[in-house]
Amino acid sequence: MDALTRYLEDHRDAFLENLKAVLRIPSVSAQPAHAADTLRCARHIATHLEAIGMPRVEVVETDGHPVVYAEWLGAPGRPTALVYGHYDVQPPDPLELWNTPPFEPTLRDGKLFARGAVDDKGQVYMHLNAIEAHLKVNGKLPINLKLVIEGEEECGSENLEKFLRSRRSELDADVIVVSDTAMLGPDQPTLTYALRGILYTQIEVTGPSHDLHSGHFGGAVQNPANALCAIVAALKDGDGRVTVPGFYERVRKVDPKEREMLRAAPFDERGYLAESGAPEPFGETGYSTLERISMRPTLDVNGMWSGYIGEGSKTVLPSFAAAKVSMRLVPDQDPHELFPKFEAYVKRIAPPGVTVVVKNLHGGTPFVTSPDDPMLESARRALSRAWSKPVAMMREGGSIPVMATFQETHGLPCILMGFGLDDDNVHAPNEKFSLTSFYGGTKSVAYLYEELAAAVPAVR
Ligand code: BES
Ligand code: MN
Ligand code: MN
């Protein structure tokens, strides 16, 4: 065993303790009440980066939550990797469904349970572990590294773009590396080459100026809850297709070669569906489950509220109803172009007797990179060294909005090397990170830095 691998093996417990420490900080970016915690988390990571020997570390203020930036540039002539991750987490609600508190990391059956365990603190710390190991064992890194760890990914990365653009020349690199995606199975190393984009909206329907007695007024005026249901019901047809005119206009045709590749991917469809707990699969006619969650767009209600939802019955005709509706987008759909089409359609199909407001909460452009990019070879080699298994390529159904921004600002090959699993409960109660993923991922990242040292940077 080489000295680097030895170090990684010997320091597993310390790596775990370091991860637990950062998981105790409730850096919920969406909730203003946690702004101070989010700042504390950024500072905590910066302090850790200094402790492991990063020579330049900064907590950079933005109009929102800060960005943690660090660099090590001691390998002139060698490639430079820009590593991106996020330290913010989703709200932990509903709290009563957690078996142990979300910000008290707990180890059970080789899995670490906490909000942020896999998304994305655990995966960010794989990189910090790998950096530490290289610096401790060799006194240097095999490549130059620039680390951007942001605090607003879970609420749309609004202020990151400004940071990236204002520091563009300083952030020059040869490759972008991100660990914030999943594997096709617990021992199946996976590289992701596409992510879906997103358009997140809110539909607000107002009828009477105040709640009414549903007997005295029922039948005489439009009910906003009924109206909202009619709108939502019309957004998709019986074949699972979105009915917004022009929605599919820019969707790329499924390439038969890629379809074949996806068909051959080691995707455990049964396990995936079992994990969902749904009685049966459902989706767009003519596409497989994997295609439905990767290369096809979709539309979903994320939440709806109106009227009386307490115990027992209350006879009331609500004055207001609302729904949060998100669309997952695929290349070359554009959230900015789609929003006005969505808004116009919702208003057109709205029943009479109500006023409808459609809000654009946030958007992210879909992302795809070539699965054959030579830079991905380094990642393939690193992953097969760490997992002794050939690497699978996949398209992810989730979104990382900054990836499309990186394509614009940097135009570089992107390595999306993530280690999440289908049963990690991402964004849900009892989020966890398997230690096999944490340690295997740490090893993969440490090897990736080595493999990238030999990669030839693209001429730009
Ligand atoms: N890490 C996820 C994206 C992801 C989810 C990758 C599942 C692989 C599997 C990321 O943190 C995320 O949750 N993104 C949000 C973006 C949104 C808030 C703009 C998403 O996809 O919902
Ligand atoms: Mn994430
Ligand atoms: Mn997330």
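I started at Asp120, which I found in helix α4; helices here are DSSP runs of H or I with at least four residues, strands are E runs of at least two, and both are numbered from the N terminus. The peptide bond leading into Asp120 from Asp119 is cis, with omega near 0°.

A note on the source: this is a predicted model, where local features need pLDDT of at least 70, side-chain atom pairs count only at pLDDT 80 or more, and totals for chains, interfaces and linings use all residues. Residues are numbered from 1 along each chain as its sequence is written, chains are lettered from A and ligands numbered from 1 in the order in which they are written, and side-chain values use heavy atoms, with hydrogens and water left out.

**First metal**

Next I looked up the manganese ion (ligand 2). His86 (NE2), Asp119 (OD) and Asp180 (OD, listed twice) coordinate it at 2.0 to 2.4 Å. Donors are N, O and S atoms within 2.8 Å of the metal (3.2 Å for Na, K and Ca), and sites may look incomplete because water is not among the atoms. Along the chain, the donors of this ion follow the spacing H-x32-D-x60-D. Asp119 lies in helix α4 (residues 117–138) and Asp180 in the loop between β7 (175–178) and β8 (190–195), so this pair ties together parts that are 61 residues apart in sequence.

What do the angles look like? The six donor atoms around the manganese ion (ligand 2) subtend 57 to 166°, which makes the arrangement irregular. I noted the rule: four donors are tetrahedral if all angles lie between 85 and 135 degrees; four are square planar and six octahedral if opposite donors are over 155 degrees apart and all others between 65 and 115; anything else is irregular.

**Second metal**

Then I moved to the manganese ion (ligand 3). Its protein donors are Asp119 (OD), Glu154 (OE, listed twice) and His427 (NE2), lying 2.0 to 2.6 Å from it. Its six donor atoms subtend angles of 55 to 155°, which makes this arrangement irregular.

Which residue bridges the manganese ion (ligand 3) and the manganese ion (ligand 2)? I found Asp119 doing that, with the ions 3.6 Å apart. Glu154 sits in the loop between β6 (144–150) and α5 (160–166), so its pairing with Asp119 ties together parts that are 35 residues apart in sequence.

Buried or exposed? Asp119 counts as buried because its relative accessibility is 9%, and Glu154 counts as buried at 15%. Buried means under 20% relative accessible area, exposed over 50%, and partly exposed in between (1.4 Å probe, protein chains only).

**Ligand 1**

I then checked ligand 1. An oxygen atom of ligand 1 is 3.0 Å from an N or O atom in the side chain of Asp119. Asp180 has a polar side-chain atom 2.8 Å from a nitrogen atom of ligand 1. An N or O atom in the side chain of Arg328 is 2.8 Å from an oxygen atom of ligand 1.

**Backbone oddities**

Most residues other than glycine have a negative phi, and most peptide bonds are trans. I logged another cis peptide bond, from Pro331 to Asp332, with omega near 0°. Asp332 is in the loop between β13 (320–329) and α10 (335–349).

Ser388 has a positive phi near 50° and lies in the loop between α11 (374–387) and β16 (392–396). Ser388 counts as exposed because its relative accessibility is 67%. Asn430 has a positive phi of about 65°, but counts as buried at 12% relative accessibility.

Note on methods. Polar contact = N/O pair within 3.5 Å; in protein donor to acceptor, adjacent residues only side chain to side chain.
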